[in-house]
Amino acid sequence: MRYSRLFGSTVRNIPASTKLVSHKLLYKGGYIREIAAGRYTLLPLGARVYQKVVQIIDNRMTELGSQRVFTPTMHPKAIWQKTGRDKVWGKGLMTVKDERTNQEFALAATGEGLFTEMVKEFKPSYRDLPIYLHQFSQKFRNEKRARGGLVRIREFLMKDAYSFDADATSFAETYKLFYNSYEQIARDLSIEVIPVEADNGALGGDYSHEFMVLADYGEDRVIQCDSCGYSANMEKAVFIREEVNKDEEIKEYKVAPLPAEVGTIKELVAHYNLPAERFIKNVVYKTDEGKIIIATVVGNLDVNETKLSRVLALNGDLEVATDEDLASFGAKSGYVHSWGYDDPRIIYVADESVVKARNLYGGYKTETTDPINVNYSRDFKADVVGDIVDTPEGAKCARCDKGTLRIKRAIEFGHVFSYGDFYSKPHNATYTDKSGKNQYLLMGAYGIGVERTMAIIVEAHHDEKGIIWPEQVAPFKYHLIGLDQRGLDVYDRLLGEKIEVLFDDRDVSAGEKFADADLIGCPIRLVVSKKTSDKVEVKKRDEAGSLLISVDQLLES
Ligand SMILES: [Zn+2]
């Protein structure tokens, strides 16, 4: 490919909103452009990387016995309704209506329902199992926030695979097979992953693992125990709560004076000279279905919205309540009470830490007072008690009871799920066993986002000058810079051998060509100039040194 003919070019300036290094470099290098929030065009360079990532994943799926299919983007909404997934996904699911027939469709956000229906139609017998199917298809997820360039987008290509097994033993083998394959795919793509226990979220089912890549600015947080190796994502991680103030005797509830300007946990800590964990903190949310949730935790902990949703088995998204929402039940910011409102929309939820704490401060702030020595059960009760907080850095591991938990930032590369009969039961998807009886199929699902994978590779392989593509996913193996007439001869010879080469034939300075080669990041740079005489200078993108060899030697290498 001649660079002068390549559509899209490098740029020096980037939009101020780009934060992740992968976003910056893919933008500057001329790989991607955003057409609407969270919707990206892959320019020709980006498209080449994308195709290679797809091929690598597809090869591994084929190797483990999965067969590739293609399915429609528009799913009859009835499929989603069978498992109530339309409600659970809420606004995250994009829907369209056929104006001729009034039939409603959901744009594919995932494919469990569709694949379950597909397999069910063939009435498999135990001899046909397990069945492994996969596809690469465009997915639509109306994320609350699209961010991080290709990391969290609203429309993307996903490889999703689905497995159907007869029994738990067979499913365990299937799960292991895909799990191992995911680790292998990560190695194929030159990325290092950490498998962690994860939350199934809106997809339902019983357990799952995410394959995480550590990244300083990753949007996910991974918890790791320094002793037993326990790894989980923040939404799933469990820890041992210290019993706050456990040695003090239970004291009498008192309403104490408190100046109005003392409101935040920080201000309370300074005012009373007590640690943050001694104070009650309330966070208010509203749900898609119009409920108000008052979440009560101790002051040093933060509410985890996914855990809160799970504890309440909520559908759709949680939004932090606005001042208007607070006013609607007689509260205002900084003066939310942990009990006492007379409004049927309100659900009080307390974290386990609140239940175990003694003589807490706060929970019923007025302009001039706030109670002290507040004890759960004696002084107030929530409708629901559960684990609704982030695991704090340095907490004690609940798995081994002795290690310390550390938080690391990460990006999710892949996710594998065990569903049991979560989908097959409502879809009535069965197989006939040896005795001729119908049994529910046991299902698993396995996803990798292709655009996000591109971002992860760049996060892992770059320097201050640009991208350093691993050869197997690079848009071109060679980036040829011709500084004299011979450049064209070398280009023609490489093309004749069907070697992937990007030839910078532009009439610009050598410095500009070198800078662009570093930014675009092909693994090997070739330079032909008067200085190289009849030879070619070969330099690897990730090494400082170079060597001079003949074109014949280059073709043999
Ligand atoms: Zn541990």
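Q: Why is the site of the zinc ion called tetrahedral in this predicted model?
A: The zinc ion has four donor atoms, with angles of 106 to 114° among them. Four donors count as tetrahedral if all angles lie between 85 and 135 degrees. The angles fall in that range, so the site is tetrahedral. For comparison, the ideal angle for four tetrahedral donors is 109.5 degrees.

Q: How do you know which residues coordinate the zinc ion?
A: Look at the distances. The SG atoms of Cys225, Cys228, Cys397 and Cys400 lie at 2.2 to 2.4 Å. A donor must be an N, O or S atom within 2.8 Å of the metal. These SG atoms pass, so the four cysteines count as donor residues.

Q: How are the donor residues of the zinc ion spaced in sequence?
A: The pattern is C-x2-C-x168-C-x2-C.

Q: Why does Cys397 count as buried?
A: Its relative accessibility is 0%. Buried means under 20%. Cys397 is therefore buried.

Q: What makes Ser424 buried?
A: Ser424 has a relative accessible area of 2%. The cut-off is under 20%, so Ser424 meets it. Ser424 lies in helix α11, residues 424-427.

Q: Why do Ser424 and Leu441 make a polar contact?
A: A polar atom of the Ser424 side chain lies 2.6 Å from the backbone oxygen of Leu441. The limit for a pair of N or O atoms is 3.5 Å, so the distance fits.

Q: What makes helix α12 mostly covered?
A: Count its residues. In α12 (residues 450-460), 10 of 11 are buried. Among them are Val450, Met454, Ile457 and Val458. Charged residues appear too, including Glu451, Arg452 and Glu459.

Q: How many cavities of 30 Å³ or more does a search of the whole structure find?
A: The search finds two. About 80 Å³ of space lies in the largest cavity. The second largest cavity holds about 30 Å³.

Q: What makes a space a cavity and not a pocket?
A: In a cavity a 1.4 Å probe fits but cannot get out, whereas a pocket is open.

Q: Which residues line the largest cavity, and which element gives the largest share?
A: The lining includes His75, Trp80, Arg85, Glu112, Tyr423 and His427. Helices α3 (77-81) and α5 (112-120) each supply at least two residues. The largest share is three residues, from α5. By class, the lining has four nonpolar, six polar and two charged residues.

Q: Why does Glu112 count as charged but Gly111 as polar in the lining of the largest cavity?
A: Glu is listed with Asp, Lys and Arg as charged, while Gly is placed among the polar residues. Both Glu112 and Gly111 line this cavity.

Q: What lines the second largest cavity?
A: The lining is His479, Ala517, Asp518, Cys522, Ile524, Arg525 and Arg541. Helix α14 (510-520) and strand β30 (524-528) each give two or more of these residues. The classes are three nonpolar, one polar and three charged.

Q: How much space lies in the second largest pocket, and which residues are closest to its centre?
A: The pocket holds about 410 Å³. Of its 22 lining residues, Lys281, Asn282, Gly334, Tyr335 and Val336 are the closest to the centre. Elements giving two or more residues are α7 (265-272), β15 (280-287) and α9 (323-327). β15 gives the most, with five.

Q: How do the residues of the lining of the second largest pocket divide by class?
A: They divide into 11 nonpolar, seven polar and four charged.

Methods: Residues are numbered from 1 along each chain as its sequence is written. This is a predicted model: local features need pLDDT of at least 70, side-chain atom pairs count only at pLDDT 80 or more; totals for chains, interfaces and linings use all residues. Side-chain values use heavy atoms; hydrogens and water are left out. Donors are N, O and S atoms within 2.8 Å of the metal (3.2 Å for Na, K and Ca); water is not among the atoms, so sites may look incomplete. Four donors count as tetrahedral if all angles lie between 85 and 135 degrees; four count as square planar and six as octahedral if opposite donors are over 155 degrees apart and all others between 65 and 115; anything else is irregular. Buried means under 20% relative accessible area, exposed over 50%, partly exposed in between (1.4 Å probe, protein chains only). On a 1 Å grid over the protein atoms alone, a cavity is a set of points where a 1.4 Å probe fits but cannot get out, and a pocket is an open set with protein on both sides within 12 Å along at least five of seven lines; lining residues have an atom within 4 Å of a point. Grid points are joined across faces, edges and corners, and a volume is the space filled by probe spheres set on the points. Helices (H or I, at least four residues) and strands (E, at least two) are DSSP runs, numbered from the N terminus. A polar contact is a pair of N or O atoms within 3.5 Å; within protein, one must be able to donate a hydrogen and the other to accept it, and residues adjacent in sequence count only if both atoms are side-chain atoms.
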